[in-house]
Amino acid sequence: MTKEEFMRSLGSHLKSLSAKERADMLYDYEEHLRVAMEQGLPEEEAVASLGSPGVIAKELLADCEVPEADKDTSVRNVSRAVLATIALGLFNFIVVLGPVLGIFGILVGMYCTSVALVIGPLVAAIGLAFAGAGTAFLNVFAPLASLWTGTAVFPLLLAVGLGLLLLAFTLWVTKWLVRGLVAYVNWNVSIIKGGR
Amino acid sequence: MNVQFKKGVLELCVLVLASGRDRYGYELVHSLSEKFSMAEGTVYPLLRRLTNDGYFTTYLKESTEGPPRKYYRLTNSGQRYMHELVDDWIHFSSGVNQIIEEGMSG
């Protein structure tokens, strides 16, 4: 490739940039090739050692496009953001809202169940204790003894244990769902802002 | 060599090369390509990035051989950044060397 061909190819890869920026970038290569040839390097060789114009252009574009898009609040960007907001809003309302409410309902159910499993046996135990106290009110230790030896104790403890397990599991599930939801909302915001 | 790794090392080298005296683009690129096999053209995006980040300032200076050349001068923040990178590199490479020595002798 000759110097001319290289410069033309690189320039055409950088068409999306402003004329000033493109000229600025092309200058570096123009100077490089000029100096290389002043030092006695054959044109073909000097061009070849630069590498492919496509790869170079990709690197140049990668560095300047992101900051540009952040600054740019042109009409096109704003209208794109509005469209994205409406589209996402519809999508969220139709597709996302239902499942999220469903999952929320299941979570509420799981919390209620676990709390009931823990509280219920405690109330029952207190009831048993009072019942014991009623039949043997002279002996202070009788209610406790009847509670611990009673056949009702094992299922009650089992229920409390299950309730605590379910509570722990539900808290764990909640933590991950909240993280997922936050990530999803952030993704929505990034889409609206420009999707980068 | 891994592309990201190479980029980081080239950044360090370019900063160090320009720390002694101001250099023009071809000088920097040539010093690098003498040591590493690389597409010379990818150094300029790197120089642009470092300039945009405020680590270099550039100016044009006439040369004895002909038209002016663009020189790169390391700024104060460039100097600081270079020292950070050099420290990182020394720490990193001594770790790698240690692992190689231990691994090869064992």
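**Helices of chain A and the mixed fold of chain B**

The secondary structure of chain A consists of seven helices and zero strands, and in the order of the sequence these elements give the pattern α-α-α-α-α-α-α. The description that follows rests on a predicted model, and the values in it are computed from that model. Chain A has 196 residues, of which 24% are buried. Its accessible surface amounts to about 12800 Å², and carbon and sulfur atoms account for 75% of that area. When contacts in chain A between residues at least 6 apart in sequence are considered, 73% of them join residues that lie at least 24 apart.

Helix 1 of chain A, which spans residues 3-13, illustrates how burial can be distributed around a helix. The buried residues in this helix are K3(A), F6(A), M7(A), L10(A) and G11(A). These residues lie on the same side of helix 1 of chain A, because they cover an arc of only 130 degrees around the axis. A general property of helices is useful here: an α-helix has 3.6 residues a turn, so residues three or four places apart point the same way. On the face of helix 1 of chain A that is turned away from the buried side, the exposed residues E4(A) and R8(A) are found.

Helix 5 of chain A covers residues 75-135 and includes F93(A). This phenylalanine, F93(A), counts as exposed because its relative accessibility is 61%, where the cut-off for exposed is over 50%. F93(A) also belongs to a nonpolar patch on the surface, together with V78(A), V82(A), I86(A), L90(A), F91(A), I94(A), V95(A), L97(A) and L101(A). The accessible area of the residues in this patch, taken together, is about 970 Å².

Helix 7 of chain A, formed by residues 153-193, contains N188(A), and L158(A) is likewise placed in helix 7 of chain A. The two residues can be described in terms of their accessibility. N188(A), with a relative accessibility of 10%, counts as buried, whereas L158(A), with a relative accessible area of 47%, is partly exposed. If residues up to four places away in sequence are not counted, N188(A) touches L88(A) and N92(A). For L158(A), the C-alpha atom is separated by 9.2 Å from that of P121(A), a residue 37 positions away along the chain.

Chain B combines both kinds of element, with four helices and three strands, and from the N terminus on these run α-β-α-α-β-β-α. Buried residues make up 39% of the 106 residues in chain B. The chain exposes about 6300 Å², of which 54% is supplied by carbon and sulfur atoms. Among contacts in chain B with a separation of 6 or more, residues 24 or more positions apart account for 50%.

The three strands of chain B form an open sheet with the order 1-3-2 and antiparallel pairing. Strand 1 (23-24) and strand 2 of chain B are the edge strands, each of which pairs on one side only. As general background, strands of a sheet pair through backbone hydrogen bonds, either parallel or antiparallel. Strand 2 (residues 56-63) and strand 3 (residues 66-74) of chain B run antiparallel and are joined by seven bridges, and within this pairing F56(B) has L74(B) in strand 3 of chain B as its bridge partner. The connection from strand 2 of chain B to strand 3 of chain B is a hairpin that passes through two residues. Strand 1 of chain B pairs with strand 3 of chain B over two bridges, again in the antiparallel sense, and here the bridge partner of R23(B) is Y72(B) in strand 3 of chain B.

Helix 3 of chain B, made up of residues 43-52, is largely enclosed by the rest of the structure, because seven of its 10 residues are buried. The buried residues of helix 3 of chain B are V43(B), Y44(B), P45(B), L46(B), L47(B), R48(B) and L50(B). Helix 3 of chain B is followed by G54(B), a residue whose phi is positive, near 85 degrees.

Definitions and conventions:
Residues numbered from 1 in each chain as written. Chains lettered and ligands numbered in written order. Predicted model: local features only at pLDDT ≥ 70, side-chain atom pairs only at ≥ 80, totals over all residues. Heavy atoms only, no water. Pairing = 2+ DSSP bridges. Patch = residues over 30% accessible without salt bridge, like charges linked within 9 Å, V, L, I, M, F, W, Y side chains within 5 Å. Areas by Shrake-Rupley, 256 points an atom, 1.4 Å probe, with all protein chains shown as cover. Salt bridge = Lys/Arg side-chain N within 4 Å of Asp/Glu carboxyl O. Buried < 20%, exposed > 50% of the residue type's maximum accessible area, 1.4 Å probe, protein only. Arc of directions from axis to C-beta. Contact = heavy atoms within 4.5 Å.
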